[in-house]
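Dear colleague,

Please find the structure below, handed over for your review. My findings follow directly after it.

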Amino acid sequence: MTRAGGRLRGTLFALSAGVLWGLSGTAAQVLFQRHGIQPQWLVSVRMLGSALILLVVLRPSWPRGNVVRLMVFGIAGLAAVQFTYFAAISLMGVALATFVQYLSLPMIAIWEAVAGSTRPGARTIAAVGLAMVGTALLLLASPHGGGGMRVSPVGLAFGLLSAVTAAFYTIYSVRIVADIGASRSTAWGFLMGGLAMALVAPPWSAHPTGDGFSVAWLTLFVIVPGTLVPFTLYLGSLRHITPTEAGTAVTIEPVSAAMASALLLSAALVPLQYVGGAAIVIAVLLVRAAGGRAANSVPEAA
């Protein structure tokens, strides 16, 4: 394969991963709003189902010497970011929740500047400013009647928590991924986080409403095409393009989530909210362009 062909394949892989992550959030919103599924239950089933498949397919060795770090990574990282993200979706819709979660990238940029005791560059400053403007537009343009998606205070709180936990997950994972690999750390991290969530919401505890077949296939979609497939595609893209290029491509996720929400759920945002979302995406692209180590190291979590 030529270099240009490899770069095209890598870019398409990363774009596909972002689209599937966005569609996964839309499927989750359908489960929450139409079938009475609770976010904690979906996180429990998603993580345990993904862990089971990864462990069977990859058969990763037990990570001796990394158990405690993996527990932190799986519970405070993977499980926490997915629960807060799904909770935000259930309260204010996938489009707003995904845009707000992407504030994690400017947060990481600020952390790297503070932790490195260096002055943030012009791109980082611009990214933070755009992120703040974008968030303000998402909130202040929230409609008071007729169409659009309203931002609830609790939903916003969960959205911001999902950004914070995504930033923590990304920063914390850098060393453990470097030590034992992305696939291995994700497989065991999913298992540990899933077992912790199962204590709160066992897989057999759900009482969905409506068509059971719809609940089953939507849940399966969240686990396989919405989790395992995009993760595999993202890792595959890194064989052909750089982490920065792959991270830039997957910023299509909030765009795909917003489009799917509008088309499938008739939950369109008002024009100023789309402008705010675009400002956040541009902020993320600026952070990627600035080349932050943690911001470019691992795939998205949610």
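Arg-59 has a relative accessibility of 70%, above the 50% cut-off, and therefore counts as exposed. This model is predicted, and the values in this message are to be read accordingly. Arg-59 lies in the loop that joins α2 and α3, and it comes after α2 in the chain. Its phi is positive, near 50 degrees, although the residue is not a glycine. As background, most residues other than glycine have a negative phi.

The helix that precedes this residue, α2, covers residues 39-58. Its 20 residues, at 1.5 Å a residue, should span 28 Å, and the C-alpha atoms at its ends are 28 Å apart, so the expected and modelled values agree. The buried residues of α2 are Pro-39, Trp-41, Leu-42, Val-43, Ser-44, Val-45, Arg-46, Met-47, Gly-49, Ser-50, Ala-51 and Leu-54. Arg-46 is thus among the buried residues of the helix, whereas Arg-59 is exposed.

Regarding the chain as a whole, the secondary structure consists of 12 helices and zero strands. Along the sequence the pattern is accordingly α-α-α-α-α-α-α-α-α-α-α-α. Of the 302 residues in the chain, 53% are buried. Among contacts with a separation of 6 or more, 88% are between residues 24 or more positions apart.

Two helix pairs were examined. The first is α3 (residues 67-92) with α4 (residues 94-101), which pack at an angle of about 140 degrees with their axes 7 Å apart. These two helices are therefore oblique to each other, and their crossing is right-handed. On the α3 side the residues involved are Val-81, Tyr-85, Ala-88, Ile-89 and Met-92, and they meet Val-94, Leu-96, Ala-97, Thr-98, Val-100 and Gln-101 of α4. Sorted by class, this contact contains nine nonpolar residues, two polar residues and no charged ones.

The second pair is α8 (residues 182-200) with α9 (residues 212-237), packed at an angle of about 160 degrees and with axes 12 Å apart. That angle is over 145 degrees, which makes α8 roughly antiparallel to α9. The crossing of α8 past α9 is right-handed. Ala-182, Ser-183, Thr-186 and Phe-190 of α8 make the contact with Thr-227, Phe-231 and Leu-235 of α9. This contact holds four nonpolar, three polar and no charged residues.

Two threonines also deserve mention. Thr-232 belongs to helix α9 and is exposed, with a relative accessible area of 51%. Its C-alpha atom is separated by 9.7 Å from that of Ala-14, a residue 218 positions away along the chain. Thr-251, by contrast, is buried, with a relative accessible area of 6%. Thr-251 is placed in the loop between α10 (243-249) and α11 (252-265). Which residues does Thr-251 contact, leaving aside its neighbours within four places in sequence? They are Tyr-102, Val-281, Val-284 and Leu-285.

Yours sincerely

Definitions and conventions. Residues numbered from 1 in each chain as written. Predicted model: local features only at pLDDT ≥ 70, side-chain atom pairs only at ≥ 80, totals over all residues. Heavy atoms only, no water. Axes fitted to C-alpha atoms, helices over the stretch in contact; angles between N-to-C directions. Helix = DSSP H or I, 4+ residues; strand = E, 2+ residues; numbered from the N terminus. Parallel < 35°, antiparallel > 145°, perpendicular 65-115°, else oblique. Left-handed = near helix turned anticlockwise from the far one by under 90°. Contact = heavy atoms within 4.5 Å. Nonpolar A, V, L, I, M, F, W, Y, C, P; charged D, E, K, R; others polar. Expected span 1.5 Å × (residues − 1). Buried < 20%, exposed > 50% of the residue type's maximum accessible area, 1.4 Å probe, protein only.
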